[in-house]
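Me: I am new to this structure. Please take me through it in short steps.

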Amino acid sequence: MPATNPTQTEAPAEPPKPWQSIDDWTTLHGQDIEIHRGGSIIDRGRVDAVMADGSALWLAFNGASGRRIIERQPGTYIRPNT
């Protein structure tokens, strides 16, 4: 009887799910996020406050660093940091 390959009976791994940018920044207060620009992560942290029109947010960092403002600009994308 031929030997069986155990990998044949295992369920295939799920491919990574593509992420979508969050377009409505007004919904981000209190969320942990990553900020991407030019295909790279440039910042991550928790959203401390958001302008009412969603044009900018304040990103709070872990540790001794405070927070900084992130303005909405072309080519800047945000996704949840999960």
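Me: In which strand is Val47 found?
Reply: This is a predicted model, in which local features need pLDDT of at least 70, side-chain atom pairs count only at pLDDT 80 or more, and totals for chains, interfaces and linings use all residues. Residues are numbered from 1 along each chain as its sequence is written, and side-chain values use heavy atoms, with hydrogens and water left out. Strands are DSSP runs of at least two residues, numbered from the N terminus. Val47 belongs to the one that spans residues 40–50, strand E2.

Me: Is Val47 buried or exposed?
Reply: Buried means under 20% relative accessible area, exposed over 50%, and partly exposed in between, with a 1.4 Å probe and protein chains only. Val47 has 2% relative accessibility, so Val47 counts as buried.

Me: Which residues does Val47 contact, leaving aside its neighbours within four places in sequence?
Reply: Contact means heavy atoms within 4.5 Å. By that rule Val47 meets Leu28, His29, Gly30, Gln31, Ile33, Leu57, Trp58 and Leu59.

Me: How many residues make up the largest nonpolar core?
Reply: A nonpolar core is a set of buried Ala, Val, Leu, Ile, Met, Phe, Trp, Tyr and Cys residues joined through side-chain atoms within 4.5 Å. Here the largest one includes Val47, Ile33, Ile35 and Ile78. E1 and strand E3 (56–60) each supply at least two residues of this core. The full count is 10 residues.

Me: In what order do the five strands form the open sheet?
Reply: Two strands pair if DSSP finds at least two bridges between them. The pairing in this sheet is antiparallel. The order is E4-E3-E2-E1-E5.

Me: Why is one side of E4 and of E5 left without a neighbour in the sheet?
Reply: Strand E4 (67–71) and E5 stand at the edges. One side of each is left free of a neighbour in the sheet because each has a single partner strand.

Me: Over how many bridges do E1 and E2 pair?
Reply: Strand E1 covers residues 32–37 and pairs with E2 in the antiparallel sense. Glu34 stands opposite Arg44 in E2. Gly38 takes a positive phi near 65° in the hairpin of these strands, which has two residues between them. The pairing of E1 and E2 runs over six bridges.

Me: Which residue in E2 is the bridge partner of Ile33?
Reply: The partner lies in strand E2 and is buried, at 13% relative accessibility. Ile33 is also among the residues that this partner touches, not counting residues up to four places away in sequence. The bridge partner of Ile33 is Gly45.

Me: Which residue in E5 is the bridge partner of Ile35?
Reply: E1 and E5 pair in the antiparallel sense over five bridges. Within E5, Ile35 is matched with Ile78.

Me: Which side chain does a polar contact of 3.0 Å join to that of Thr76?
Reply: Thr76 lies in strand E5 (residues 76–80) and is buried, at 8% relative accessibility. A polar contact is a pair of N or O atoms within 3.5 Å; within protein, one must be able to donate a hydrogen and the other to accept it, and residues adjacent in sequence count only if both atoms are side-chain atoms. The side chain joined to Thr76 is that of Arg37.

Definitions and conventions: Helices (H or I, at least four residues) and strands (E, at least two) are DSSP runs, numbered from the N terminus.
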